[in-house]
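I opened the notebook today to go through this structure piece by piece. My notes follow in the order in which I looked things up.

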There are 2 protein chains.
Amino acid sequence: MKIAIIGLGLIGASMAKALRGSATITGIDADGRTVRQALDDGVIASGSTDMAAAAHSDAVVIAVPVCSIVDAAAEVIRHIGTDTVLTDTGSTKAHIVERIEAMSPCFVGSHPIAGKENPGYAHSQEDLFRGAMTIITPTGRSRRDCVERVTSLWETCGTRIQSMDPLTHDRLMAVISHMPHLLSYASMKLADELHIHRQLLGAGFRDFTRIAASDPIMWRDIFSDNREHILPLIDTYVQELLHLRTLIEQDRTKDLEAALSSYAQIRRTLYGHPR
Amino acid sequence: MKIAIIGLGLIGASMAKALRGSATITGIDADGRTVRQALDDGVIASGSTDMAAAAHSDAVVIAVPVCSIVDAAAEVIRHIGTDTVLTDTGSTKAHIVERIEAMSPCFVGSHPIAGKENPGYAHSQEDLFRGAMTIITPTGRSRRDCVERVTSLWETCGTRIQSMDPLTHDRLMAVISHMPHLLSYASMKLADELHIHRQLLGAGFRDFTRIAASDPIMWRDIFSDNREHILPLIDTYVQELLHLRTLIEQDRTKDLEAALSSYAQIRRTLYGHPR
């Protein structure tokens with residue numbers, strides 16, 4: 001089995017490391033130094049900066065930033081056969097799936113729920129996906145054999161699979177992932193002077209703000225691509241915050257306690273510790 | 001040395017455990033069952049539900065919820081001498097210090113930067129304070145020997161000490177602790193339906209929302225007591241979020257990337273990883 005991975009960043013290189021041994025990996029990256037490094041490290045069997053290197057692959061994985069996925073697909077499709085299964089690893093799905101499906105007969109979108117703040121080849125690791133979930137987003141147009149091959153690819157990487165339609169994925173991820181990142185990012189507006197009090201930062205601050213260190217380019221693309229789900233959530237959140245502001249300002253302690261209790265209850269239920 | 005601890009919750013009982021061996025601890029709690037449990041566990045040498053048990057102590061620590069601290073101080077002061085050092089463990093300081101200083105000649109406010117989501121005696125632990133910071137908030141009126149004795153108390157618990165005036169403490173904690181809690185709490189408004197997708201929640205969501213499980217009564221009191229610092233921060237935060245909303249809606253990708261980069265830079269600088 002020959003697999004081409006386009007984009008040897010955190011996700012692409014971690015996939016190459018996870019699949020090594022189960023498949024022959026061709027790595028394609030715009031940066032020739034990354035390709036050479038991956039070859040030197042034995043992470044890929046062959047490598048190139050040219051999409052033509054994906055020819056004759058059984059499967060092609062596009063692991064580039066969200067805003068470049070469709071362009072990369074259009075280019076690599078010229079080099080591969082109609083039986084080559086094609087997938088991506090983008091954090092948004094509806095627009096990407098709609099556009100690539102129009103070009104490829106064997107495309108199924110994927111989103112592995114794994115990652116960390118530090119992007120890039122240097123931070124890739126063989127066990128990044130172990131025990132994680134991958135969402136795949138087949139549609140009514142997806143060929144069953146292609147869905148099965150993408151499923152099998154992710155299982156080989158060590159992930160479990162959940163399937164949902166692309167729009168459901170984007171609506172869900174806006175809540176689970178995109179809003180927490182946006183809210184944590186924005187909180188840094190308040191934190192500009194805190195470096196002089198660094199030793200006072202507790203575990204609460206550390207964890208709440210951890211994702212504010214995430215890759216700005218990756219998240220610019222995600223917020224932009226999924227804006228139709230994110231914008232109304234911002235409005236709901238602002239409304240809730242201003243409601244809390246009113247309760248605090250007017251010293252409505254009973255209502256404030258009720259609100260905080262309901263939040264705590266939701267969080268505890270999510271992680272199986274209701275009180 | 002005889003130390004009375006009023007309130008055998010997470011903080012008070014953890015102090016009792018940390019000080020055991022260095023001092024003879026009297027535990028006072030409104031709940032007689034908690035007092036009995038602490039006696040049975042050997043966490044305190046003597047215990048009572050009556051403030052009078054604090055008489056003849058060298059030091060008294062008030063470790064009750066923020067909104068009860070001043071009342072507890074007023075009551076215990078009737079039983080102790082003017083040379084008994086008095087401190088509290090509240091997460092807000094300006095109002096508490098101002099009011100207790102007017103009643104006691106040897107009071108110095110404290111705030112140990114330690115804790116966890118689960119309150120109560122059952123979750124107390126001997127090493128809760130080890131390596132943590134305690135902020136003490138002496139004022140121009142504080143007696144030097146009292147400041148030294150409070151410092152020594154916290155050092156015996158294993159914490160390092162930072163001293164600042166009460167208002168600076170409250171302004172700083174609004175940013176470091178109170179706003180992150182409020183923002184994380186409010187995000188649960190978006191998460192009500194997520195329990196059916198529990199297995200898709202990643203590390204980002206988990207850490208961002210961890211403090212949303214915090215004790216509602218404790219945080220009701222903190223938000224209420226420190227409202228003068230929290231309300232303007234809510235306004236600044238909402239303004240920033242609506243600015244981001246505009247950038248996303250209008251697809252101003254360059255400005256959005258610049259904003260996200262500056263947030264990520266602030267977070268990375270805080271934790272010593274600038275990029």
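**Domains**

Into which domains is chain A divided? I am working with a predicted model. I found domain 1 at residues 2–164 and domain 2 at residues 169–270 of chain A. I then looked up how far apart they sit. The centres of domain 1 and domain 2 of chain A, taken over C-alpha atoms, are separated by 31 Å.

Next I checked where the two domains touch. Domain 1 of chain A puts 14 residues into the contact, and domain 2 of chain A puts in 13 residues. On the domain 1 side, I noted α4 (94–101) and β7 of chain A as the elements that give two or more residues. I sorted that side by class: 7 residues are nonpolar, 5 are polar and 2 are charged.

**Helix α4 of chain A**

Since α4(A) turned up on that side, I looked at its burial. Which residues of α4(A) are buried? I listed A:Ala94, A:Ile96, A:Val97, A:Ile100 and A:Glu101. They lie on the same side of α4(A), because they cover an arc of only 165° around the axis.

I then asked what covers the buried residues of α4(A). The cover includes the helices α3 (69–77) and α6 of chain A. It also includes the strands β5 (85–88), β6 and β7 of chain A.

**The sheet with β7**

Strand β7(A) led me to its sheet. In what order do the strands of this sheet run? I read β6-β7-β8 (chain A), an open sheet of 3 strands with mixed pairing. The edges are β6 (109–112) and β8 (160–163) of chain A. Each has a single partner strand, so one side of each is left without a neighbour in the sheet. From one strand to the next, the twist averages 25°.

I followed one pairing in detail. β7 (residues 133–137) and β8 of chain A pair in the parallel sense, over 4 bridges. Within that, I looked up A:Ile136 and found A:Ser163 in β8(A) as its bridge partner.

**Contact with chain B**

Last, I turned to the two chains. How many residues does the contact take from each? I noted 73 residues from chain A and 73 residues from chain B. On the chain A side, the elements that give two or more residues are α6 (166–187), α7 (203–209), α8 (216–225), α9 (227–249) and α10 (253–270). Of these, α9(A) gives the most, with 15 residues. By class, I have 42 nonpolar, 17 polar and 14 charged residues on the side of chain A that touches chain B.

Conventions:
Residues numbered from 1 in each chain as written. Chains lettered and ligands numbered in written order. Predicted model: local features only at pLDDT ≥ 70, side-chain atom pairs only at ≥ 80, totals over all residues. Pairing = 2+ DSSP bridges. Axes fitted to C-alpha atoms, helices over the stretch in contact; angles between N-to-C directions. Contact = placed C-beta atoms within 7 Å. Nonpolar A, V, L, I, M, F, W, Y, C, P; charged D, E, K, R; others polar. Domains from an automatic or database assignment. Buried ≥ 20, exposed ≤ 12 C-beta atoms within 10 Å, placed from the backbone. Arc of directions from axis to C-beta.
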